[in-house]
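Work through the following exercises with the structure open beside you, and try each task before you read its solution.

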Amino acid sequence: MFSIDISVRPALATDRAAVERLWLMFRHDMSEFQGQLPGPDATFRSERLESAFADPGWAAYLVTSADRPAGFAFVRGLDGPLRVLNSFFVVRGARRAGVGLRAARDVVARHPGPWEIAFQDANPGAVAFWRRVATELAGTTWTEERRPVPHLPEAPPDVWISFTTG
């Protein structure tokens, strides 16, 4: 495994176009596990992207390596008692080099308190990754449960990991 130097910072309005392109890659990757196709204009739903840049209680983070975009993280619930890592993505060329773990650790450290992260059982990479992140951040004090996907009763349940930091 090789190591990539990264930085994580709040995404600015000037980063919006780069994050939108990363969003398309993220949604493309997720389409494998969620069975979704893009819309007629070849884009995917983007409500979470919009919220990350505009809604109070949300934050968008850009992960970079040598000033190149390498991923993003969207957090919601910052105006309440529970933070949710709503969307998280690392480009394939930066995976398996510790980038995701370092980025997740950085984002979570910025907002101590209770956290939840959802993923799908059908995505074995996400299953292993998020369990590793939870163990790195919370030791053995994290929990995991399956919850129905809102408004999609036919979808398999999401897996939710919960832990507290700080």
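A residue counts as buried when its relative accessible area is under 20%. The model used in these exercises is a predicted one.

**Exercise 1. Which residues of strand 2 lie on one side, and which on the other, and are they buried or exposed?**

Solution. Begin by locating strand 2, which covers residues 59–65. On one side you find Ala 59, Tyr 61, Val 63 and Ser 65, and on the other side Ala 60, Leu 62 and Thr 64. With the cut-off given above, all of these residues are buried, and both faces of the strand are covered. Counted together, seven of the seven residues of strand 2 are buried.

**Exercise 2. Find how strand 2 pairs with strand 1 and with strand 3.**

Solution. Take strand 1 to begin with: this strand (7–10) runs antiparallel to strand 2, and four bridges join the two; in this pairing Pro 10 stands opposite Tyr 61. Then turn to strand 3 (residues 68–76), which pairs with strand 2 in the antiparallel sense over seven bridges, with Phe 74 as the bridge partner of Ala 60. Strand 2 and strand 3 form a hairpin with two residues between the strands, and there Ala 66 takes a positive phi near 50°.

**Exercise 3. In what order do the seven strands of the sheet lie, and which are the edge strands?**

Solution. The sheet is open, its pairing is mixed, and its strands follow the order 1-2-3-4-5-7-6. Reading the two ends of this order gives strand 1 and strand 6 (143–147) as the edge strands, each of which pairs on one side only. Strand 6 pairs with strand 7 (residues 158–165) in the antiparallel sense, over five bridges, and Glu 145 stands opposite Trp 160 of strand 7. On average, and with direction ignored, neighbouring strands of the sheet are turned by 30° against each other.

**Exercise 4. Describe how helix 3 and helix 4 pack, and why they are called oblique.**

Solution. Two packed helices are described by the angle and the distance between their axes. Helix 3 (residues 99–109) and helix 4 (residues 124–138) pack at an angle of about 50°, and their axes are 10 Å apart. An angle under 35 degrees would count as roughly parallel, and one of 65 to 115 as roughly perpendicular; the two helices are therefore oblique to each other. The crossing is right-handed. Among the residues that make the contact are Leu 101 and Val 108 of helix 3, and Phe 129 and Trp 130 of helix 4. By type, the contact residues divide into seven nonpolar, one polar and three charged.

Technical notes: Residues numbered from 1 in each chain as written. Predicted model: local features only at pLDDT ≥ 70, side-chain atom pairs only at ≥ 80, totals over all residues. Heavy atoms only, no water. Axes fitted to C-alpha atoms, helices over the stretch in contact; angles between N-to-C directions. Parallel < 35°, antiparallel > 145°, perpendicular 65-115°, else oblique. Left-handed = near helix turned anticlockwise from the far one by under 90°. Contact = heavy atoms within 4.5 Å. Nonpolar A, V, L, I, M, F, W, Y, C, P; charged D, E, K, R; others polar. Pairing = 2+ DSSP bridges. Buried < 20%, exposed > 50% of the residue type's maximum accessible area, 1.4 Å probe, protein only.
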